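Biologist: Could you walk me through how to read a binding shell and some backbone angles? I would like the general idea before each case.

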Amino acid sequence: MEQQTLKALLQAVAQTVIAHAEELTTLDQAIGDGDHGLNMKRGFERVSELADSISQQPLPQALTEVGKTLVMTVGGASGPLYGTFFMTFGKELPVEPTVADVSQAFNAAIAAVERRGKSSAGQKTLIDVLVPVQEELSAGAQDVLQRVNRTAQAAAAATIPMLAVRGRASFLGERSIGHMDPGARSSALVISALCDFLGD
Ligand code: ADP
Ligand code: MG
Ligand code: MG
């Protein structure tokens with residue numbers, strides 16, 4: 001990927017997250033401690049500040065650098081999880097990846113997040129967006145951006161009726177049902193911003 005393209009992609013993702021900070025905060029106020037919007041905004045503001053230097057590196061190292069930046073800035077439960085995701089994704093990706101390479105690296109990144117969070121699909125977390133997205137990636141290149149984008153949105157919405165078994169939302173037990181998971185929503189936002197950018 002061209003340096004200028006990668007820089008613009010990082011900016012597009014960062015701006016999307018920053019623009020939705022209030023929505024993420026509102027979601028986290030319902031079933032968490034209300035900081036997910038601020039956490040993500042802080043992290044992606046830093047990614048935006050560093051976009052120039054990050055994009056000077058090859059794609060794999062750039063993604064690893066995004067992960068390190070998020071670990072250092074986001075905080076909360078989501079910081080280490082997002083950080084682990086991007087660091088592993090970068091480590092597993094070749095310089096010029098095919099859709100199959102992206103699918104494989106995405107799979108490895110999910111496994112790393114699951115180990116880190118001691119979590120798996122069905123527990124009302126960001127993993128409930130990442131797993132169906134990976135399944136779309138593994139289904140091949142045809143219309144992959146549209147399919148992934150649609151799946152990410154639907155998967156975030158599908159966390160609404162779920163019972164939270166990980167993270168702060170799990171403290172609410174049954175009262176976590178009926179609200180979208182904030183981390184699932186932020187993951188869908190990041191994935192959607194990536195698909196929109198790459199689709200243009
Ligand atoms: P905190 O809950 O520490 O305040 P955030 O509000 O930034 O952190 O992030 C909350 C989100 O992190 C949740 O909505 C959920 O998606 C995700 N999350 C929390 N704990 C876990 C876990 N153990 N495994 C996977 N995801 C988790
Ligand atoms: Mg929180
Ligand atoms: Mg917190």
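Modeller: Happily! Start with residue classes: Ala, Val, Leu, Ile, Met, Phe, Trp, Tyr, Cys and Pro count as nonpolar, Asp, Glu, Lys and Arg as charged, and the others, Gly among them, as polar. This is a predicted model, in which local features need pLDDT of at least 70 and side-chain atom pairs pLDDT 80 or more, while totals for chains, interfaces and linings use all residues. Residues are numbered from 1 along each chain as its sequence is written, with chains lettered from A and ligands numbered from 1 in the order in which they are written.

Biologist: How many residues of each class are in the shell around ligand 1?

Modeller: There are 6 nonpolar, 10 polar and 7 charged residues. A residue belongs if its C-beta atom, placed from the backbone, lies within 6 Å of the ligand. Among the closest are Gly-76 and Thr-125.

Biologist: Which element gives the most to that shell?

Modeller: Helices are DSSP runs of H or I with at least four residues, numbered from the N terminus. Helix H9 (182-199) leads with 3 residues.

Biologist: And what is the usual sign of phi?

Modeller: Most residues other than glycine have a negative phi. Here Lys-124 has a positive phi, near 65°, and Asp-143 has one of about 50°.

Biologist: Where is Lys-124, and is Lys-124 buried or exposed?

Modeller: Lys-124 sits in the loop between helix H6 (99-117) and helix H7 (127-138). Buried means 20 or more other C-beta atoms within 10 Å of a residue's own, exposed 12 or fewer, and partly exposed in between, with C-beta atoms placed from the backbone. Lys-124 is buried because it has 28, whereas Asp-143 is exposed, with 12.

Terms used. Helix = DSSP H or I, 4+ residues; strand = E, 2+ residues; numbered from the N terminus.
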